[in-house]
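I opened my notebook for a first look at a structure that was new to me. Here is the entry I want to pass on to the next newcomer.

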Amino acid sequence: MQQGLDPKWFFDKVTTTVSETSFENLVHEHGPQVLRTAMRVLRDASLAHDVHQEVFLAIWRRWHTYNGSVNWPAYLYRATVRKALELAQHRLVCSAPVRALKETPNGVTTNGPDGALQADELQQKLAAALARLPRRQADAFVLSRLEGLGAAEVGEIMGCSEPTVRVHLHRAVMRLARELHEYLGQ
Amino acid sequence: MSPHNVTNEQLVRFVLGELPSDEVCETELHIRQCESCKEAVGRFGRLLDCAGRMAAVPVDEHTIESANREVLLAAKTHSNDQRRRRVQSRAALFGRTIMSNRTMRLAVAVVVALAVILGLSLFTGDGAGKAYAKVVDQLHRAHTLTYSLVTRTGVESMPTVRLDIAYKDPRYLRTATADGFITVAEATKTGIKGISLVPPTKSYVVFEVTNVPDDPAKDPWAAVERLRALPARASKVLGRREIDGRMLDGFNVHEDDATTTVWIDPKTGQLVRAELEFASAPGMNMILSDFQFDVLLDDSFFSLQPPEGYIPVPVSADVSQVAERDFIEFLRLWSNWTVDATFPPTVNGPDIAKIAVQMAQEGKFVGPYAPAYGVDRTPQVMYRGILFLSPLPTGSWRYAGQNVRFGDPAVPIFWYQPAGSPACRVIYADLHVANVAPESLPK
């Protein structure tokens, strides 16, 4: 399980209803997870802040339209991933190209003295490639690999079965590896 | 297994650890023999490693609190008729929030001015730094001193404030937060004059305080040297630890209700870091670090000129005319002004400036001014009240009103020992005052 996610917290909140939860409570309870998810995708505090605000303000603008059956954790995960990937793709427009990464004898992925920088750029490329995936593949990859959720939890969020989650994840990995072929090296 | 019998999906499942055990060995064997599958597995692995690094990005609690506060403020300020307006940036939003109310702007600016004056308690007059430097050879040639001060109030939802502080002998002081709350003060023959910038309101406060008593103990050079000499009185030796990449020796001292921990560089003997905690203010702490002497600071760094476009809010007062009743009135006003009738989170230094602005943003005040005092009296009462603290000697007073609501006659929120008096004066949460022997003061 990745840092910052408590499964009990997650499943406890699945049944939370609008009638029981004020908007302020929603922000306090789920804001940390929204910010962490955005940070994992974007690795930029300022952009993550923007995602956090846009996700919650979008909810606030339609607050009166929600009924009591909203699965807030699932909704917020999906909205956060979507918004973060939008920003990731947009950010890539101005980013510098990266060279292919090589694996050293000790297993560390690098391509020279600026290996850390290249690794960071690869993360940007990965985030942007995620944004180009079909939505459900992107959701499956982010929730599984960045959020560290198990297939059952991801299935709860995506509204599908565990085998379907795995299929989306496998396809996401294959497509991402294909798209990032030149950056991942031989 | 021939190369043609292994699909990419199987390789992905292999890398993800999803293959049944009876297929794992077979797939491993194949990968060893097939160069293209070996490369594919390498790419899948590097891809997942990259995702793993993205997952490990930390987010601190302060960032989370800050983001939550901002979104709640943004939601609050977006009434129905503004819903379609796109939020372009947080900064623009906050600017609109406060600038839309002129009275609030004035009130917040005055709060900042008051806080500035409190911050001047370390800055007490022409030449004090020089006088102390004559005693301490090591500092004799030091004409500037800079350090950072991080204060955590211990009050829920109030921010941790970092101030970068600079002194230039003999008469300049500058404090600045990362987001532009800057105060510059200059000692005059009769007191202190200065300017304080309030970025969210694009206003500035010009202040002048007269009859400020000189207190050598408040001299910043003396304060730093006292901390540096603390190990001689240490009640506990903490040993050597690595802090921010440096090996430092730690010493712990308990004095009254304050616990001070200093970290000294064993090679140079210089003070590197000091941490202060207070028994009567649980959760509050102050950390001083990044001490530097004789950094080149041009006089323009201490300019009293406001940025273009800022709006002035002038204030002035005679410290000698301020008394205890003024401070009590200030506490009464603040508790009248806050939504939950609590007293100020802190009365300590310019921290209160940022905190007051944030409280206004968060709607923690019932309105633009204290209802019982009105728009005209609010600034004046606050100004006089908070000035009361300025001349009190270092260590002669203590504030414990954070998180305390007005009304309980048994809860002390402030005490001090008037000059020449054997007894201490204690102010309680219902704002009555009693004389208390020093040994009976709250712990």
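These are my notes, in the order in which I looked things up.

**Getting my bearings.** I noted first that this is a predicted model. I began with chain A and found nine helices and two strands. Reading from the N terminus, I wrote its elements down as α-α-α-α-β-β-α-α-α-α-α. Chain A has 186 residues, and 42% of them are buried. I also looked at contacts in chain A with a separation of 6 or more: 71% of them join residues 24 or more positions apart.

**The cores.** Which residues touch the most other members of the largest nonpolar core? I found Val41(A), Ala88(A) and Leu130(A), in a core of 67 residues. I followed Val41(A) further, setting aside neighbours within four places in sequence, and listed its contacts as Val81(A), Ala84(A), Leu85(A), Ala88(A), Ala127(A), Val142(A) and Leu146(A). There is also a second, separate core of 30 residues; Phe327(B), Trp334(B), Phe343(B) and Ala356(B) are among them. I jotted a reminder in the margin: in soluble globular proteins, nonpolar side chains tend to be buried together.

**A stop at Tyr77(A).** I placed this residue in helix H4 of chain A, residues 72-92. Is Tyr77(A) buried or exposed? I counted 26 other C-beta atoms within 10 Å, so Tyr77(A) is buried. Beyond its neighbours within four places in sequence, Tyr77(A) is in contact with Thr37(A), Leu143(A) and Ile157(A). I checked the pair with Thr37(A): the two are 40 residues apart in sequence, yet 7.7 Å apart in space from C-alpha to C-alpha.

**Where the chains meet.** I found 40 residues of chain A in contact with 33 residues of chain B. On the side of chain A that touches chain B, the elements giving two or more residues are helices H2 (23-42), H3 (45-61), H5 (115-132), H6 (135-146), H8 and H9 (181-184) of chain A. The largest share, ten residues, comes from H2(A). Sorted by class, this side of chain A has 20 nonpolar, twelve polar and eight charged residues.

**One helix pair across the chains.** I then picked out H8 of chain A (residues 162-179) and H3 of chain B (residues 35-55), which pack at an angle of about 100° with their axes 10 Å apart. That angle makes H8(A) roughly perpendicular to H3(B). Val173(A), Leu176(A) and Ala177(A) make the contact from H8(A), and Arg43(B), Phe44(B) and Leu47(B) make it from H3(B). I sorted the residues of this contact into five nonpolar, no polar and one charged.

I stayed with H3(B) to check its length. At 1.5 Å a residue, its 21 residues should span 30 Å, and its end C-alpha atoms are 30 Å apart, so the two agree. I also looked up burial along H3(B): its buried residues include Cys37(B), Ala40(B), Val41(B), Arg43(B), Phe44(B) and Leu47(B).

**Two odd backbone angles.** Which residue in the loop between strands E7 (236-243) and E8 (246-255) of chain B caught my eye? I wrote down Asp244(B), which has a positive phi of about 50° although it is not a glycine. Asp244(B) counts as exposed because it has 10 C-beta neighbours inside 10 Å. I found another case in Leu431(B), not a glycine either, with a positive phi of about 70°. Leu431(B) sits in the loop between strands E15 (424-428) and E16 (433-436) of chain B. With 17 other C-beta atoms within 10 Å, Leu431(B) is partly exposed.

Terms used. Residues are numbered from 1 along each chain as its sequence is written. Chains are lettered from A and ligands numbered from 1 in the order in which they are written. This is a predicted model: local features need pLDDT of at least 70, side-chain atom pairs count only at pLDDT 80 or more; totals for chains, interfaces and linings use all residues. Axes are lines fitted to C-alpha atoms, for helices over the stretch in contact, and angles run from 0 to 180 degrees between N-to-C directions. Helices (H or I, at least four residues) and strands (E, at least two) are DSSP runs, numbered from the N terminus. Angles under 35 degrees count as roughly parallel, over 145 as roughly antiparallel, 65 to 115 as roughly perpendicular and the rest as oblique. Two residues are in contact if their C-beta atoms, placed from the backbone, lie within 7 Å. Ala, Val, Leu, Ile, Met, Phe, Trp, Tyr, Cys and Pro count as nonpolar, Asp, Glu, Lys and Arg as charged, and the others, Gly among them, as polar. A residue is buried if 20 or more other C-beta atoms lie within 10 Å of its own, exposed if 12 or fewer, and partly exposed in between; C-beta atoms are placed from the backbone. A nonpolar core is a set of buried Ala, Val, Leu, Ile, Met, Phe, Trp, Tyr and Cys residues joined through C-beta atoms within 7 Å. The expected span of a helix is 1.5 Å times one less than its number of residues.
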